[in-house]
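Got your viewer open? Let's take a walk through this model, one selection at a time.

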Amino acid sequence: MTPVEISIGKRPPSGPSEPVRRRAPWHLRANALVVAWLGLTVATALAGEGLPAPRWLLIHVFLLGAVTTAILIWSEHFTVVLLRAQTPDPRLGLTRLGLLNAATVAVLYGVAAGPATIAVGGAAVVVAVVLWHAVALVRLARRALPGRFSHVVAWYVCAAGALAAGGVLGGLLAAQAGGGVLHERTQAAHAEVNLFGWVGLTVLGTLFTLWPTVLRTRLSERTRRASAMGLRLTVPGLTLLTGGLLVDLRWVAAAGLVTYAAGTAAALVPLVEAVRARRPHTGAAWTLGAGVVWFEIALVVNAVIVVTRPTGEVAGALEPLLPLVLAGFVAQVLLGSLLHLLPAVLGGGPARFKENAATLERGWTVRLAAFNLGAPLLALPVPRPLTLLGWALVLASGAAFVVLAAVTLLRAATPATPGVRRPSPVLAGVTAGCLLTAAAVVVAVSGGSGPATTVVATGAKTVEVTLSGMRVRPSVIEAAPGTVLTLRVTNTDAQRHDLRLATGERTPLLAAGQSATLTLKPLGEAVDGWCTVAGHRAAGMTMRIVPTGTQPEAGTEHKEHGGMMSPLDLAAPMSPGWKPYDATLRPAPGGSEHAVEIRVDDRVVREVAPGVRQRVWTFNGTVPGPVLRGRVGDVFTVTFVNGGSMGHGIDFHAGATAPDGPMRTIQPGERLVYRFRADYAGAWLYHCSTMPMSQHIANGMYGAVIIDPPDLARADREYLLVSGELYLGEPGSDAQVVKLREGRPDGWMFNGTAAGYDHAPLEAKAGERVRIWAVAAGPNSGTALHVVGAPFDTVYEEGAYRLRADDPGGAQVLDLAPAQGGFAELVFPEPGTYPVVDHLMRNAEGGAHGLFRVGVR
Amino acid sequence: MTWWTVVRFAHVLSAALWVGGQLTVSLVLLPLARRLLDVERRGQVLRAVGRRFGMFTGAVFLPVQLGTGVALAWHKGVTWASLAEPGYGRILAAKLLLFCAVMVAAALHGWATGAKRPGLARTMAVTALVGSVGVVLLATALPAT
């Protein structure tokens, strides 16, 4: 094979005698699309926080809009030029472009604002268009004579395959198929296959011929071999990488990435040779070269991330890297290629060619320096002003290109006649006047209409907000107008979320377990909040802050926003790290004097139902509080400390004392000593004695005192279940109090968590005697405790046996009114799973439900 | 009917004369002059019309608009701070800014005519005209109470 001089694009027409011709008018139109998308990218970056999903939109306007359109145009163009194939029917190419752009708009709209189905449909069309494109390229190659450049087409086809895979993954993401860690892994795979497959493979394939042309040097003899080797490594590497990320095999993914990197190294060998032969000397060459260097850097950093992180965290770790990859690699390769190709494609004669080339390369050194100085600032952990400087440098450089490209495109659109055509002064005047008026109208209507409402701060309130399972909890926060709300936002989900309020406050993107605090301005009007991660708002991750007394009159709207009234998802998984309240009841300690300290903690956040964490008021940080156990006649000395944020008290039903002293309310920081002798056996309630008691009890301030009856027989296992109602929402908030007053709990709990023991079953063995103690804390409902499949042979209720083991009868329910207590005993007949429920079925289905997992003895 | 009605009447009438005058010149006088007069005559007539209109602007229109405008704003209780607030204040502020821009355009028109730059002069004249209509639009957008 002999070295060959090739020329794509930038070939100045040989002389003035050559007739002026337009090379391909549809290229002109199509590249205007790319330039328009680039302009839109700059606009998206500038609009930033004003958009519903800023990060996602920026990435996809650029990659799916500008880059994918450009790839579709140029890969077909190169195939035709390199294979000397017959120019295909331009209508088909234009149809594909039209479809692609319509689908892109659908995806952007569907994810950012509309229903997810639009986005999924758009993704499907994108995949179909790209596959069609690949088929078209293959047919072009088949029809062409076998040439030395046919290997390039293979790269384009493989790239299209990668986008098909990436597009399918994107569609799945948009449809929210699979939550949590799977979502994160899918996202990582989606990003990798699209960036390194669709963009990376296309770029590598194109550079084989584009790079020597840009450098005006000869094509290396090794090109063909390098290309074959590169493709043989990169494609399997990419497959392994994507598959490994998807199915959670970190080392497979890492091996894939290393293979891919080896492939790119092989492919870059002839390119490096070309640089050795001829130093880059044009703006296009330097820009392209810089792009390739950033590609390699990104590849190395990416490899480090994939090797050192579990696959579920790859997407999160890649996030900060993304601006660098997009700006440094993709944008620069795109800009460099356009710099080189646009003048040739636009045609218009040698004079016009030179004029266009000179226009596009104007100030390229400054632009290149600004861009490559700015790009690393986007990814490095530098202070915010520096990041903003980076954005300014990158965007200004990009915007300068867009303006210059638009100038050349406009020039191409107007006939190349000598003499300057001036726009008519009337048109110019009308335009200027309209622009001025429009600007004034924008100023006039900005900030809403009506007199300004300056809201005076009247108080402060802190609300715990959790993000989990595509929900923001609480979904409605009510506060008096003027309240300065502080939201402590915690992401308890396995995937990343954030919270953004319509008034502009926002948290950073929170990884699993991370928290952030938002402080709002004094509450005036209702404020909406949502998660800005693409698609999450549509999936229901919304909230609303409502000033009390300004409830919307239409009841329907209230219901719509009152998502918190929706039934709890009791089958949902508990948050990672959740530990159930230990229901095992330990025997009474020895001695007849017991000293206990009980400390109020009313700021603790606990998981009250699967995936639902909210603030509760507690004794010693748990719901129910600590269990006190002793024998008849024992003396309990309780040191009661108010470590909370408001007044609290304590009332032990088991003791006999005048309430005035020990049951009084004490203020935060105070303590009292409550001494009582347990004169009577039974399962007793204790609870906070501060009014309104309904709120203090409903929010978790209760516990049990167990005084063994004198003749208590031995049991193999003893458990204690304290039943209680669950009211979602900020403790003491108006919304919660209304539900409490109207007797509308959101759920029912055993030991402080609705359906907690469904997720952490209680253990027993067949044939063992199990004693289940129960206290009904209420505040308003009792319990009808029942174990499915195992009748009770002993029932002790409120100080007396109603049934003993040697009686012929049996019992099906331990029936307790609010504040009553007792126990029931049973022997599980055989191994199995036995539900323990409140047989008031509404309560059982609302969370008063648990399981006994009974094993073989 | 109070004296404030008279002030408001003067404000609106003066504005109508100015905007209406520009519209009449642009839409009625100019086309007719182009059709009926030769180049020299046309230049003469239009320069004279322009000068007269400029005089009217400086001697009558601006003093009346500024005087009545400030008085009306004072009567309405507008303060510098309230100009920034959304609603009446901000619409008024936008209207004033646009009015200033229109005055700049009108001044540029006068300068460009003198400096023999007919293209710029015409552009500025149309800018001022369209901007004036915009001022009227914003005036009608001011809340009535």
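Before the first stop, a word on angles: axes are lines fitted to C-alpha atoms, for helices over the stretch in contact, and the angles between N-to-C directions run from 0 to 180 degrees. Keep in mind too that this is a predicted model.

**Stop 1: a pair of helices in chain A**

Select residues 150–174 of chain A, which is helix α5, and then residues 223–246, helix α7. Their axes come within 10 Å and cross at roughly 10°. Angles under 35 degrees count as roughly parallel, so α5(A) is roughly parallel to α7(A). Now show the side chains where the two helices meet. On α5(A), the contact is made by A:His151, A:Ala154, A:Trp155, A:Cys158, A:Ala162 and A:Ala165. Facing them from α7(A) are A:Arg224, A:Ser227, A:Ala228, A:Leu231, A:Val235, A:Leu238 and A:Thr242. Color the contact by class and you'll get nine nonpolar, three polar and one charged residues.

**Stop 2: an open sheet**

Move along chain A and switch to a cartoon view. Here four strands form an open sheet with mixed pairing, in the order β2-β1-β4-β6. Which strands stand at the edges? Those are β2 (471–473) and β6 (515–519) of chain A; each has a single partner strand, so one side of each is left without a neighbour in the sheet. Turn the view a little: neighbouring strands of this sheet are turned by 20° against each other on average, direction ignored.

Next, pick out β1 (residues 459–468) and β4 (residues 483–491) of chain A, which pair in the parallel sense over nine bridges. For a spot to zoom in on, try A:Glu464, which stands opposite A:Arg488 in β4(A).

**Stop 3: another open sheet**

Further along chain A, four strands form an open sheet in the order β12-β9-β14-β16, again with mixed pairing. At its edges you'll find β12 (618–619) and β16 (671–677) of chain A, each with a single partner strand, so one side of each has no neighbour in the sheet. Select residues 635–641 to see β14 of chain A, which pairs with β16(A) in the antiparallel sense over seven bridges. Here A:Phe640 stands opposite A:Leu672 in β16(A).

**Stop 4: a strand with two faces**

Select residues 762–765 of chain A, strand β21. Which face of this strand is covered, and which is uncovered? The covered face holds A:Leu762 and A:Ala764, while A:Glu763 and A:Lys765 are on the uncovered one. Add residues 849–855, strand β29 of chain A: β21(A) pairs with this strand in the parallel sense over four bridges. The bridge partner of A:Glu763 in β29(A) is A:Arg853.

**Stop 5: chain B and where it touches chain A**

Now bring up chain B, which has four helices and zero strands. Buried residues make up 26% of its 145 residues. Among its contacts between residues at least 6 apart in sequence, 68% join residues at least 24 apart.

To finish, show both chains together. How many residues of chain B are in contact with chain A? There are 25, and they meet 21 residues of chain A. Helices α3 (88–114) and α4 (118–141) of chain B each supply at least two residues of the side that touches chain A. It's α4(B) that gives the most to that side, with 14 residues. Color the touching residues of chain B by class, and they divide into 15 nonpolar, six polar and four charged.

Terms used. Residues numbered from 1 in each chain as written. Chains lettered and ligands numbered in written order. Predicted model: local features only at pLDDT ≥ 70, side-chain atom pairs only at ≥ 80, totals over all residues. Pairing = 2+ DSSP bridges. Contact = placed C-beta atoms within 7 Å. Nonpolar A, V, L, I, M, F, W, Y, C, P; charged D, E, K, R; others polar. Buried ≥ 20, exposed ≤ 12 C-beta atoms within 10 Å, placed from the backbone. Parallel < 35°, antiparallel > 145°, perpendicular 65-115°, else oblique.
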